[in-house]
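Here is a quick tour of a two-chain model, meant to be read with the structure open beside you. We start with the strands of one chain and end where the two chains meet.

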Amino acid sequence: MIVRIATESQYRLPDDDAAELNELDNEVVSAVEAGNEDRFHEVFEQMLDLVRRAGQPLDEDELAESDVILPPPDTSFVEAAEEFTGEGLIPD
Amino acid sequence: MPGMGGRMSVVIKAKINKLLDRAEDPAETLEYSYQKQMELLQNVKKGIADVVTSKKRLQLQQQKLEQQVVKLDTQARQALAQGREDLARTALERKQFAQGELQSLDQQVAELESQQASLIEKESKLRSKIEQFRTKKEVIKAQYSAAEASVKISEAASGVGEEMADVGMAMQRALDKTEDMRARAGAMDELEAAGAFDDNLALGSGSTDDIDRELHQLTSQSDVDDDLAKLKAELGQGPAPDQPSLGSGEQERQA
């Protein structure tokens, strides 16, 4: 699976790690929904770490579309919360 | 993936689709996306220039604050030498405030520096992807049937489109941050000009006089006293001044 960390880079992530990423993603969403800022930062950081650690950066000349795009590493809690208001989570 | 990552992907893909929507047939899509890419590359360059300009403005602000710190320190020394502890305290309090602002400004400028560096890197990466697209576009035009070409084009264009959307986002975030910093620095200027710090800082002096004017008067007065004492000493009318000299460069200033 190809994962992009927005404003940073694109990585190729093995399937096993992609499954873990998915779990972390769900945790981030619950943290945001619960209004738990500390937990949000903690888990979001784990997601970024996982991709940077387990992922293989894509070559400069590779033109590939990402399967998943993570928000920028400096995403604030407020911004994260905005992602999930309105047409955010629910229609997905 | 329905969460954060999924949501971001949807947003970015919508942007890319908007970019590519206009053209109808594959060949047109190819030319159109390439043209659009070159156009956006120019925007990225402009955006980087904007970040640099903003950074320069903040650096000017930094210099002003540094001068302010030095000036307030000198004023505090002068006030203390004159036994005006109240004024010295006020000047030192202002100095503390200015130093605090300076510290956060230093941090912000450093952050901008690194954002600028990463934008430049991203711009060059985008440029090489566009170049890659240009090569690929000729191959696709020459080798594939219309149906196949359509698929290949949309893959390649999406790859570049995503990169562009990403650089655009990085640029927008950097610019938003500089705007915040500039607004804050500007607000500080206005506050200072309006003398709004005085109310908070003129503790214990019980005076409504403008501190700068009072300190200036003190300084001038002390210069005059100094000159007078020197003159007296020269004329043998009295002892040389034992206080630290404030106006002359001949005697060393006491720390």
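## Pairing strands

Before talking about bridge partners, one cut-off helps: two strands pair if DSSP finds at least two bridges between them. Keep in mind, too, that this is a predicted model.

With that in hand, look at strand E1 (residues 2-5) of chain A. E1(A) and strand E4 (residues 68-70) of chain A pair in the parallel sense, over three bridges. Going residue by residue, A:Val3 has A:Val68 as its bridge partner in E4(A), and A:Arg4 is matched with A:Ile69 in E4(A).

## Chain A at a glance

Chain A has three helices and four strands. Walk along the sequence and you get the pattern β-β-α-α-β-β-α. Of the 92 residues in chain A, 46% are buried.

How do the contacts in chain A spread along the sequence? Take the contacts between residues at least 6 apart in sequence: 69% of these join residues at least 24 apart.

## The hairpin and the sheet

E1(A) also pairs with strand E2 (residues 9-12) of chain A; these two run antiparallel and are joined by four bridges. Together E1(A) and E2(A) make a hairpin, with three residues between them. Check out A:Thr7 in the turn, which has a positive phi of about 65 degrees. On the E2(A) side, A:Ser9 sits opposite A:Ile5.

Zoom out and the four strands of chain A form an open sheet in the order E3-E2-E1-E4, with mixed pairing. Why do E3 (56-57) and E4 of chain A each have one side without a neighbour in the sheet? Both stand at the edges with a single partner strand, so one side of each is left free of a neighbour there.

Now for the side chains. In a regular strand they alternate between the two faces of the sheet. In E1(A), A:Ile2 and A:Arg4 point one way while A:Val3 and A:Ile5 point the other. Are these four residues buried or exposed? All of them are buried, A:Arg4 included.

## A stop on helix H2

For a contrast with that strand, try A:Gln46, found in helix H2 (residues 37-54) of chain A. Its relative accessibility is 36%, so A:Gln46 counts as partly exposed. A:Gln46 and A:Leu21 are 25 residues apart along the chain, and their C-alpha atoms are separated by 8.9 Å.

## Where the chains meet

On to the interface: 29 residues of chain B are in contact with 39 residues of chain A. The area buried between the two chains is about 2,900 Å², and carbon and sulfur atoms give 54% of that.

There is polar chemistry here as well. Between chain B and chain A there are eleven residue pairs in polar contact, counting pairs where both residues are at pLDDT 80 or more. The salt bridge count between the chains is five. In one of these, A:Glu79 joins B:Arg173, with the closest N and O atoms 2.9 Å apart.

Which helices of chain B supply at least two residues each to the side that touches chain A? They are helix H1 (4-20), helix H3 (85-143) and helix H4 (146-193). H4(B) gives the most, with twelve residues. Sorted by class, this side of chain B has ten nonpolar, seven polar and twelve charged residues.

Notes: Residues numbered from 1 in each chain as written. Chains lettered and ligands numbered in written order. Predicted model: local features only at pLDDT ≥ 70, side-chain atom pairs only at ≥ 80, totals over all residues. Heavy atoms only, no water. Contact = heavy atoms within 4.5 Å. Buried area = accessible area lost by both parts, 1.4 Å probe. Salt bridge = Lys/Arg side-chain N within 4 Å of Asp/Glu carboxyl O. Polar contact = N/O pair within 3.5 Å; in protein donor to acceptor, adjacent residues only side chain to side chain. Nonpolar A, V, L, I, M, F, W, Y, C, P; charged D, E, K, R; others polar. Buried < 20%, exposed > 50% of the residue type's maximum accessible area, 1.4 Å probe, protein only.
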